[in-house]
Amino acid sequence: MPSQKLLSQLARKHGTPMIVVDHDEVRRNYATFKKYLPRVQAYYAVKAFSDPVIVQTLFEAGASFDVASMPEFRIVYEYVKDMPPKQRQEWIWDKIIYAHPIKAEATLRELDPYKPLVTYDNHEEIRKIKKHAPHAGLALRLKVPNTGAMVELSSKFGAAPGEAVDLILEADKAGLVVEGLSFHVGSQTTNFDNFVQAINLAANIFQEAKDRGYTKMNLLDIGGGFPAPYDATVRPFRELARKINAELDRLFPKDVQILSEPGRFMVATAGTAVSTIIGKAVRDGKLCYYIDDGVYHTFSGILFDHCQYHMKSFKKGPKQICTVFGPTCDALDVVSMSEELPGNLELGDLLYSVNIGAYSSASSTPFNGFPPAKIVHINR
Ligand SMILES: Cc1ncc(COP(=O)(O)O)c(C=O)c1O
């Protein structure tokens, strides 16, 4: 985390609300991922923080990218558009997966000329891809246990294991090529067994597909879900990596390419939000601070990501339990009902929250006309 001195200087220079993105930390997270999962290519899930400067840093570090919309695709495509067509085609497969199992027909039409790798999980999607993006390569998204994940995804996406091979054979019959399987164990998965179970399930589907005559699969995408160290209860990444490596080596020969889609892991710890106290009131005997950032902006992760962030102050003083409200007129705009903060803070004083780089700025909205936090890049 940047020092308090640097955060105050940046707040003075750029104003608040502000998110400071530390690119050294982004690079460190990518390096950690590669160090402990050497066999796994990281396709950064752009949705976690879709700022092009972050994409650039990760691109330079060697990352590939998971995109889930055309605007995200275009952010990444910026880096290949000037390559000679032959290299560009290779690059697209190595560097981008369009990992949204449900795509609008117009999106598929737009994607088709790039001959991308896309995920799917149902009959209707096979029909759509066949009609609108016949040049795409496919990865079947499996439904896997999301037990204990902070954000559960398996009720919205994923083919049940019992229908998986039927969906592979159906796509094959339609003239499409299924390159492999993908899954997502749920975001912020601290239950490492989810990964173990999902890899085993995928191995069984590979085997069943082979038994039923389909031998073209050579790729496994183990998705996102790698937890950020929000608190001491999150066990170290190397422990998770050890389990994943053991299962991959046991169940998948070396010629099967292993992909992943980490979002949160790459950027959560790289973001620090700084806001200013703009109001102060005592309501029903409880001290309430109003700040210039809230759940419609940087703290949107409280609603959309089921994540709670803690606030700290630069100023010292005797602490008490306070409420921290965001700036909008909506009563839902509550950053926290119980933050331990000094009671002597004044209007103009700064508060900050660490580990807020993932799914924060990414889901900010213009409600009520308040401007979003400025994104300030350091160590770029
Ligand atoms: C398809 C897909 N891939 C990757 C991610 C990134 O997951 P995480 O941030 O947990 O690594 C998500 C998050 O929702 C997702 O839906």
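# Chat about a two-domain model with a ligand

Modeller: Before we start, this is a predicted model. Let me open with Pro 17, whose place is in the loop between α1 (4–14) and β1 (18–22).

Biologist: OK, what's the peptide bond from Thr 16 to Pro 17 like, cis or trans?

Modeller: That bond is cis, with omega near 0°.

Biologist: And how is the chain split into domains?

Modeller: The assignment gives domain 1 as 4–19 + 271–378 and domain 2 as 24–268. Domain 1 is therefore written as two segments, with domain 2 written as one.

Biologist: How many Å separate the centres of the two domains?

Modeller: Taken over C-alpha atoms, the centres of domain 1 and domain 2 are 34 Å apart. Domain 1 puts 14 residues into the contact, and domain 2 also puts in 14.

Biologist: Switching to pockets. How much space lies in the largest pocket?

Modeller: About 690 Å³. It has 30 lining residues, and the closest to its centre are Lys 47, Val 151, Leu 153, Phe 157 and Tyr 359. As for elements, β9 (187–189) and α11 (264–267) are the ones that give two or more residues to that lining.

Biologist: Where does that pocket lie relative to the domains, and why?

Modeller: Domain 1 and domain 2 both give residues to its lining, so the pocket lies between them.

Biologist: What's the lining of the largest pocket like by class?

Modeller: There are 13 nonpolar residues, nine polar and eight charged.

Biologist: Tyr 359 came up by the centre. Where is Tyr 359 found in the fold?

Modeller: Tyr 359 sits in the loop between β17 (350–353) and β18 (374–378). Its backbone has a positive phi of about 50°, although Tyr 359 is not a glycine.

Biologist: Now the ligand. Which residues come nearest to it?

Modeller: There are 15 residues around the ligand, and Ser 187, Glu 261, Gly 263, Arg 264 and Tyr 359 come nearest. So Tyr 359 turns up again, this time with an N or O atom of its side chain 2.5 Å from an oxygen atom of the ligand.

Biologist: Which ligand atom is 3.1 Å from the side chain of Asp 66?

Modeller: A nitrogen atom, with the distance taken to an N or O atom in the Asp 66 side chain. On the backbone side, a polar atom of Gly 225 is 3.0 Å from a ligand oxygen atom.

Biologist: Back to pockets for a sec. What about the second largest, how much space is there?

Modeller: About 240 Å³. Its lining includes Tyr 230, Asp 231, Cys 307, His 310, Lys 312 and Tyr 352. By class, that lining divides into five nonpolar, four polar and two charged residues.

Biologist: One more spot: where does Gln 41 lie?

Modeller: Gln 41 is in strand β2, residues 40–45.

Biologist: And which residues does Gln 41 touch, leaving out those up to four places away in sequence?

Modeller: Tyr 30, Lys 34, Gly 62, Ala 63, Ser 64, Ile 258, Leu 259 and Ser 260. With Gly 62, a polar atom of the Gln 41 side chain lies 3.4 Å from the backbone oxygen.

Biologist: How far apart are Gln 41 and Thr 119?

Modeller: They are 78 residues apart in sequence and 17 Å apart in space, C-alpha to C-alpha.

How values were computed:
Residues are numbered from 1 along each chain as its sequence is written. This is a predicted model: local features need pLDDT of at least 70, side-chain atom pairs count only at pLDDT 80 or more; totals for chains, interfaces and linings use all residues. Side-chain values use heavy atoms; hydrogens and water are left out. Helices (H or I, at least four residues) and strands (E, at least two) are DSSP runs, numbered from the N terminus. Contact means heavy atoms within 4.5 Å. A polar contact is a pair of N or O atoms within 3.5 Å; within protein, one must be able to donate a hydrogen and the other to accept it, and residues adjacent in sequence count only if both atoms are side-chain atoms. On a 1 Å grid over the protein atoms alone, a cavity is a set of points where a 1.4 Å probe fits but cannot get out, and a pocket is an open set with protein on both sides within 12 Å along at least five of seven lines; lining residues have an atom within 4 Å of a point. Grid points are joined across faces, edges and corners, and a volume is the space filled by probe spheres set on the points. Ala, Val, Leu, Ile, Met, Phe, Trp, Tyr, Cys and Pro count as nonpolar, Asp, Glu, Lys and Arg as charged, and the others, Gly among them, as polar. A residue is near a molecule or strand if one of its heavy atoms lies within 4 Å of it.
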